[in-house]
Amino acid sequence: MNCPICQNESDHGARFCGICGTEMPLNEVSTVAAQPRVGFGTAIGLGFKNYFKFKGRATRAAYWWFILFYFLVSLIPIVNWFVWVVFIIPTISLTTRRLHDIGKTGLWQLWYTLILIATWGGAFLVAMLLGIEESMVSLFVLSGLAFVATVASIVWIILWLVRQGDVGSNKYGPDPRTNLI
C-alpha cells in the first residue's frame, strides 16, 4: 500500500508510513497524486514569494527549510540586523500558514509573544519595585519562573510547528502537500 502523502511503498497492514509518519488508511487505496517534495531552494522561493500572504497553509518542509535558511544567513555578523528586518514579515506569515496547516489560527504566535513579554516584563517590574539589593531571592525566583515559562512556551510552539498538518482540506484551505503553489 502506498502512503497518501509521500507515496512510499509500506508493508501491507502498516498503520503508519515508515518515511513520513502519516497514518495509513485502513484497506483503502490512496487517490492522492504524487507531489514533489519541497526542497531547500523551493522553500526559500515560496517564503519570499508569499512574503505578505497570511492565508492558506504551509508544509513542515517549507517552514523548516526556510527557518534553516534564515538561521544560516543570520549567522553572518555584519548583516545580522538587516537579515532580521528582511525576514521578520515572511517568518511571521510563514508561521501563520504553518499553524493554519495544523488547524490553528496564526494568532497563536501573538499569544506566544505575549507570554514571553509578560513573564520577563513582570520579573523586571517586580525587580524594579522591590529593588535589586533588597530581595535577590525574589529576583532569582521570578527569573527562574520566567525562564521556565519561556522554555515551556518554546517547547509548546515547536511541538505544534513540527506536527504533521491536517490531511485534506481544513478551514484554512486545501492540503498544501497536494497543491504545491
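**Notes on a helical model**

1. The accessible surface of the protein chain comes to about 11,200 Å², and carbon and sulfur atoms hold 72% of that area. Please keep in mind that this is a predicted model.

2. On the overall fold, the protein chain has five helices and zero strands, so read from the N terminus its elements run α-α-α-α-α. Of the 181 residues in the protein chain, 32% are buried. Among contacts with a separation of 6 or more, 64% join residues 24 or more positions apart.

3. The surface has a feature worth a look: a nonpolar patch of about 860 Å², whose members include Trp64, Trp120, Phe147 and Val148. Helix 5 (residues 136–162) gives the most to this patch, with eight residues. Val151, Ile154, Val155, Ile158, Leu159 and Val162 are also among the patch residues.

4. Trp64 deserves its own line, as a patch member that sits in helix 2 (residues 60–74). Trp64 has a relative accessible area of 32% and is therefore partly exposed. That value also passes the requirement of over 30% for patch residues.

5. For a view of the interior, try Ser93 in helix 3 (residues 80–101). Its relative accessible area is 0%, so Ser93 is buried. Leaving aside residues up to four places away in sequence, Ser93 touches Asn50, Tyr51, Lys53 and Phe54.

6. The polar contacts of Ser93 are nice to check by eye. Its side chain reaches the backbone oxygen of Tyr51 at 3.1 Å. A polar atom of the Ser93 side chain also lies 3.1 Å from the backbone oxygen of Pro90.

Terms used
Residues are numbered from 1 along each chain as its sequence is written. This is a predicted model: local features need pLDDT of at least 70, side-chain atom pairs count only at pLDDT 80 or more; totals for chains, interfaces and linings use all residues. Side-chain values use heavy atoms; hydrogens and water are left out. Patches are made of residues with over 30% relative accessible area and no salt bridge: like charges are joined within 9 Å, nonpolar side chains (Val, Leu, Ile, Met, Phe, Trp, Tyr) within 5 Å. Accessible areas come from the Shrake-Rupley method with a 1.4 Å probe; for residues, only the protein chains shown count as cover. A salt bridge is a side-chain nitrogen of Lys or Arg within 4 Å of a carboxyl oxygen of Asp or Glu. Helices (H or I, at least four residues) and strands (E, at least two) are DSSP runs, numbered from the N terminus. Buried means under 20% relative accessible area, exposed over 50%, partly exposed in between (1.4 Å probe, protein chains only). Contact means heavy atoms within 4.5 Å. A polar contact is a pair of N or O atoms within 3.5 Å; within protein, one must be able to donate a hydrogen and the other to accept it, and residues adjacent in sequence count only if both atoms are side-chain atoms.
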